Amino acid sequence: QLEDALLNLVVNARDAMPDGGRVLIETSNEQLDETYAAQNADVTAGDYAAIIVTDTGTGISPEVIERVFEPFFTTKEQGKGTGMGLAIVYGIVKQSNGFIWVYSELEQGASFKVYLPRYVGTSETTDVESRQNMKPARGSETILLVEDESAIRRLLTELLKYSGFTILQADNGVEALQVADQHAGPIHLLITDIVMPQMSGRVLAEQLIVRRPDMKVLYISGYEANAIVHQGILDEGAPFLPKPFSNDALLKKIHKLLNLPPEPDS
């Protein structure tokens, strides 16, 4: 079943690149927390093994993304596909108590992420419990959050405000430059999506750093780091967090970038 799922994802990626391109297959261990699960109805909190298949093809429109896992739904010409490939993947993942997540931008390729429950033996129980009991790190710094998906921007804003940060927000790079120019105080960290309309996150960061050389930058994207680097969108080693990410993962990343001490136990 795993072979069938992977094969269908790769064939789908191939078909999205009629003029050639790259397919990147990655694996990782991921932990998704209760907060993330509450925001995504199909997700159960826990430890997962992830398989990510990313292509550099034509991308998927928002209208099509909503239907990609429907049986017999296809955008291919008659005789070129049955519309069952991604439906088969969806069925296999669901039967395994996992879930699948897709991210795409038109002309920027697509990334399919399969999450399968990871077996955690008794030897890891203490580590798992300690992670679950960790308190979020708190800070007082100012963060400029730039995210073109309004739902994600609202959720991240709520999390970061709850964690003590002052949040400035914008839904694109042009607006972010205006917000930064109007803010008299320091901006300690820029958190920006990479692929956005009007201006990419990288271009935004490059322009803001000229004006605010002490500002740190954290890139986020639905694509994986290797896929972003291979496409030349981001330099290797740049601070990066792939979506979806847990609250704990985001706060730890912020803490590391800003050199903040951990929150003391109350």
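**View 1. Glu-107 sits in the loop that links strand S3 (99–104) to S4.** This close-up comes from a predicted model, as do the other views below. Is Glu-107 buried or exposed? Its relative accessibility is 59%, and because anything over 50% is classed as exposed, Glu-107 counts as exposed. Look next at Thr-58: 49 residues separate Glu-107 from Thr-58 in sequence, yet their C-alpha atoms are 4.4 Å apart in space. Leaving aside residues up to four places away in sequence, Glu-107 touches Gly-57, Thr-58 and Gly-59.

**View 2. Four strands make an open antiparallel sheet in the order S1-S2-S4-S3.** Start at the rims: S1 and S3 are the edge strands, and each pairs on one side only. On average, neighbouring strands of this sheet are turned by 20° against each other, direction ignored. Strands of a sheet pair through backbone hydrogen bonds, in a parallel or an antiparallel sense. Here, strand S1 (residues 23–32) and S2 are antiparallel and share 10 bridges. One pair to look for is Thr-27 with its bridge partner in S2, Ile-51. S2 also pairs with strand S4 (residues 110–117), again in the antiparallel sense, over 8 bridges. In that pairing, Ala-50 stands opposite Tyr-115 of S4. How much of strand S2 (residues 46–55) is buried? The strand is mostly covered, with 8 of its 10 residues buried.

**View 3. S3 joins S4 through 6 bridges, and helices pack on their sheet.** The two strands, S3 and S4, run antiparallel. To find your place, pick out Val-102, whose bridge partner in S4 is Phe-112. Helix H1 (residues 2–15) packs on the sheet and touches S1, S2 and S4. The direction of H1 makes about 35° with that of S2. Helix H4 (residues 85–95) packs on the sheet too, where it touches S3 and S4. For H4, the angle with the direction of S3 is about 140°.

**View 4. Five strands form an open parallel sheet in the order S6-S5-S7-S8-S9.** Why do strand S6 (166–170) and strand S9 (240–242) each have a side without a neighbour in the sheet? Both stand at the edges with a single partner strand, so one side of each is left free of a neighbouring strand. From one strand to the next, the twist averages 20°. Strand S5 (residues 142–146) and S6 run parallel and are joined by 5 bridges. Among the residues to find here is Ile-143, with Ile-167 as its bridge partner in S6.

**View 5. S7 is mostly covered, with 5 of its 5 residues buried.** In a regular strand, side chains alternate between the two faces of the sheet. Which residues of S7 point which way? Leu-189, Ile-191 and Asp-193 point one way, Leu-190 and Thr-192 point the other way, and all are buried. S7 has partners to trace in this view. With S5, S7 pairs in the parallel sense over 4 bridges, and Leu-144 stands opposite Leu-190 there. With S8, S7 also runs parallel, joined by 5 bridges. Asp-193 takes part in that pairing, and its bridge partner in S8 is Ile-220.

**View 6. Helix H6 (residues 150–162) lies across S5, S6, strand S7 (189–193) and strand S8 (216–221).** H6 runs at about 165° to S6. Helix H8 (residues 201–211) also packs on the sheet and touches S5, S7 and S8. The direction of H8 makes about 160° with that of S7.

**View 7. Helix H7 (residues 173–182) and H8 pack with their axes 10 Å apart.** How are the two helices, H7 and H8, oriented to each other? The angle between them is about 15°, and because angles under 35 degrees count as roughly parallel, H7 and H8 are roughly parallel to each other. The crossing of H7 past H8 is right-handed. On the H7 side, the contact is made by Gly-173, Ala-176, Leu-177, Ala-180 and Asp-181. H8 contributes Leu-204, Gln-207, Leu-208 and Arg-211.

**View 8. The protein as a whole has 10 helices and 9 strands.** Of its 266 residues, 44% are buried. The accessible surface comes to about 14,100 Å², and 50% of that belongs to carbon and sulfur atoms. Among contacts between residues at least 6 apart in sequence, 67% join residues at least 24 apart.

Terms used: Residues numbered from 1 in each chain as written. Predicted model: local features only at pLDDT ≥ 70, side-chain atom pairs only at ≥ 80, totals over all residues. Heavy atoms only, no water. Pairing = 2+ DSSP bridges. Axes fitted to C-alpha atoms, helices over the stretch in contact; angles between N-to-C directions. Contact = heavy atoms within 4.5 Å. Buried < 20%, exposed > 50% of the residue type's maximum accessible area, 1.4 Å probe, protein only. Areas by Shrake-Rupley, 256 points an atom, 1.4 Å probe, with all protein chains shown as cover. Parallel < 35°, antiparallel > 145°, perpendicular 65-115°, else oblique. Left-handed = near helix turned anticlockwise from the far one by under 90°.
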